[in-house]
Amino acid sequence: MGNLFILLIQSNYRSAYFIDYIFRATLITCRLKANIDRTALFYTLKQHNNQALLTAFSIMLLDNKLREDAVSADRTYHNTEAAYGLPNDSIEHKRLELQHFNLLELMGGRIIHAPLGPDITHALDIGCGTGIITHEIASKLPDAIVTGIDLSPIPAIRPKLPNIQYLQGDFNELVRAGRSTPEAAKFQPETLDYIFSRLLVMGMPHWQSYVSSVAQLLRQGGWAEIQEWACVWYDAPASASPEAFLPHDVSYDSTNEVNEDALRSDEHSTDPYHIQPQPTWSALINEALRAKSLDPAAGNNIATYMHRAGLTDITTRRYIWAFGGWEGLSEEAKTFSAYADEVLTLLIESLLQRFGAEMDVDPREIENCIREFREDVRSGKRRLYTWYSVTVGRKP
Ligand SMILES: C[S@@+](CC[C@H](N)C(=O)[O-])C[C@H]1O[C@@H](n2cnc3c(N)ncnc32)[C@H](O)[C@@H]1O
């Protein structure tokens with residue numbers, strides 16, 4: 001049914017009524033049958049520029065139960081020593097899939113930003129989650145072996161392409177283990193042409209050493225691509241030009257060097273819209289992350305880490321993660337904001353609960369943080385946003 005739907009759109013069949021009917025039938029099928037190629041469906045919708053169906057597609061992924069499930073007490077987590085703190089259950093898988101399509105929309109239908117040539121033989125997706133990007137890389141590079149590694153098992157929600165290998169494990173442990181196990185033997189210096197990772201901000205400790213490991217694994221001429229969010233918040237004045245919030249490139253200034261503590265601090269910014277001091281709720285999350293040697297500002301710092309790891313040709317493209325769908329945002333950013341408001345707010349509230357409890361914060365203070373967060377996101381007094389940065393660098 002999914003493939004029939006794709007064919008219908010490709011054939012430019014424009015009877016809205018009929019398409020709508022088929023679409024609904026496809027949605028039901030997508031829910032029931034896990035193996036429909038949602039990525040192909042997304043690209044077809046995108047290619048035919050059908051915004052209404054794209055939005056419907058996104059809403060389909062966010063089925064009604066996701067909100068209820070997200071706050072249920074029965075969540076499951078990985079059972080390793082790694083610092084990563086988000087769940088690993090089917091509710092989280094659904095969220096990650098939904099997030100992927102919202103990111104695709106935000107980034108104009110393009111996930112991979114590195115200028116990959118046809119000569120790639122080995123690629124790696126670190127922290128691959130549901131494997132959606134591993135699948136994307138493997139489809140783009142059918143002659144390459146593409147490895148996806150994650151702490152938790154990769155759910156079987158799409159057909160596994162023949163050039164994909166999945167590994168369960170902690171990337172840092174495998175790199176440290178040298179050649180001591182068959183899995184670790186796959187992570188040897190100068191063996192990979194392309195390394196991708198996305199959204200490890202909640203789990204990757206010691207970012208400099210992580211990015212240096214990535215650089216070490218790359219062959220000469222190989223590309224690293226790291227897509228990260230920063231838990232650093234901005235408030236756009238109503239007078240700001242909407243252009244400031246469109247996707248844009250940020251040049252890396254190696255003369256602007258600061259030490260690692262300053263890098264990891266959410267107070268380190270010269271951006272005029274940066275909220276200083278950070279709101280109480282952001283300060284709580286970031287303190288908890290720093291206590292686990294994580295970098296809350298990771299997304300804003302990848303270029304620095306890559307430069308220090310010896311990579312060159314570093315470029316960063318930034319995309320806005322706005323909350324509250326305020327005026328001045330592009331349609332794509334508003335679509336992402338709808339996802340952020342519906343889903344990321346719940347995630348942030350649950351992090352405030354968990355991190356607060358971990359750090360023995362008085363429950364009343366935690367409640368205050370949650371209240372202030374809701375007020376900041378929903379009252380419309382603030383035009384809140386953070387940056388999602390795609391940074392690529394090449395091994396010289
Ligand atoms: C927020 S999810 C993002 C998943 C995927 N990259 C995406 O964007 O859809 C982060 C993933 O990284 C994995 N992860 C975190 N720390 C890791 C580590 N040290 N080694 C391997 N995987 C890790 C988690 O298990 C989780 O699946």
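How do the residues of the shell around the ligand divide into nonpolar, polar and charged? Hello everyone, let me start with that. There are twelve nonpolar, eight polar and three charged residues in the shell. Before going on, please keep in mind that what we are looking at is a predicted model.

Let me stay with the ligand for a moment. It has 23 residues around it, and the ones that come nearest are Tyr84, Gly127, Gly129, Phe171 and Gly203. If you prefer to think in elements, α6 (90–106), β2 (145–150) and α8 (171–176) each give the shell at least two residues.

One residue in α6 is worth picking out, and that is His93. Is His93 buried or exposed? The answer falls in the middle: His93 is partly exposed, because 19 other C-beta atoms lie within 10 Å, while the buried class begins at 20. The contacts of His93, leaving aside residues up to four places away in sequence, are Thr130, Pro155 and Ile157. There is also a link back to the ligand shell: the C-alpha atoms of His93 and Gly129 are separated by 7.5 Å, with their positions 36 residues apart along the chain, and Gly129 was on our list of residues that come nearest to the ligand.

Now let's step back to the whole chain. The secondary structure comes to 14 helices and nine strands. The protein chain has 396 residues, and 40% of them are buried. For those of you who like contact maps, take the contacts with a separation of 6 or more: 72% of these join residues 24 or more positions apart.

How far can we trust it? The mean pLDDT of the protein chain is 84, with 78% of the residues at 70 or more. Confidence is highest in β4, at 98, and lowest in helix α2 (residues 16–32), at a mean of 48. Two stretches stay under 50. Over residues 12–21, the model has three contacts beyond four places in sequence; over residues 31–36, it has eight.

On to the strands, and β8 (residues 312–322) in particular. On one side of the pairing list we have strand β7 (residues 248–250), which pairs with β8 in the antiparallel sense over three bridges. Then there is strand β9 (residues 384–394), also antiparallel to β8, this time over nine bridges. To put residues on those pairings, Val250 has Thr316 as its bridge partner in β8, and Ile320 has Trp387 as its partner in β9.

Thr316 deserves a closer look. Why does Thr316 count as buried? It does so because it has 22 C-beta neighbours inside 10 Å, and 20 are enough for that class. Beyond residues up to four places away in sequence, Thr316 touches Asp249, Val250, Tyr252, Ala303, Ser389, Val390 and Thr391. Its C-alpha atom is also 9.3 Å from that of Gln227, a residue 89 places away along the chain.

The strand holds a backbone oddity as well. Asp313, in β8, is a residue other than glycine with a positive phi, near 50 degrees. Asp313 is partly exposed, with 13 other C-beta atoms within 10 Å. You may want to set Glu190 beside it: this is not a glycine either, and its phi is positive at about 60 degrees. Glu190 sits in the loop between α8 and β4 (192–198), and it counts as exposed because it has 11 C-beta neighbours inside 10 Å.

My last stop is helix α11, and we can walk into it from the loop before. Pro277 is found in the loop between α10 (260–264) and α11, and the peptide bond from Gln276 to Pro277 is cis, with omega near -10 degrees. The helix itself covers residues 280–291, twelve residues in total, and reaches 17 Å from its first C-alpha to its last, close to the expected 16 Å.

Which residues of α11 are buried? They are Trp281, Ser282, Leu284, Ile285, Asn286, Ala288 and Leu289. These buried residues pack against α13 (331–358) and α14 (363–378). Just after the helix, Ser293 takes a positive phi of about 60 degrees.

That's my tour. Thanks for listening, and I'm happy to go back to any part of it.

Note on methods:
Residues are numbered from 1 along each chain as its sequence is written. This is a predicted model: local features need pLDDT of at least 70, side-chain atom pairs count only at pLDDT 80 or more; totals for chains, interfaces and linings use all residues. A residue is near a molecule or strand if its C-beta atom, placed from the backbone, lies within 6 Å of it. Helices (H or I, at least four residues) and strands (E, at least two) are DSSP runs, numbered from the N terminus. Ala, Val, Leu, Ile, Met, Phe, Trp, Tyr, Cys and Pro count as nonpolar, Asp, Glu, Lys and Arg as charged, and the others, Gly among them, as polar. A residue is buried if 20 or more other C-beta atoms lie within 10 Å of its own, exposed if 12 or fewer, and partly exposed in between; C-beta atoms are placed from the backbone. Two residues are in contact if their C-beta atoms, placed from the backbone, lie within 7 Å. The expected span of a helix is 1.5 Å times one less than its number of residues. Two strands pair if DSSP finds at least two bridges between them. pLDDT is the predictor's confidence in each residue, from 0 to 100.
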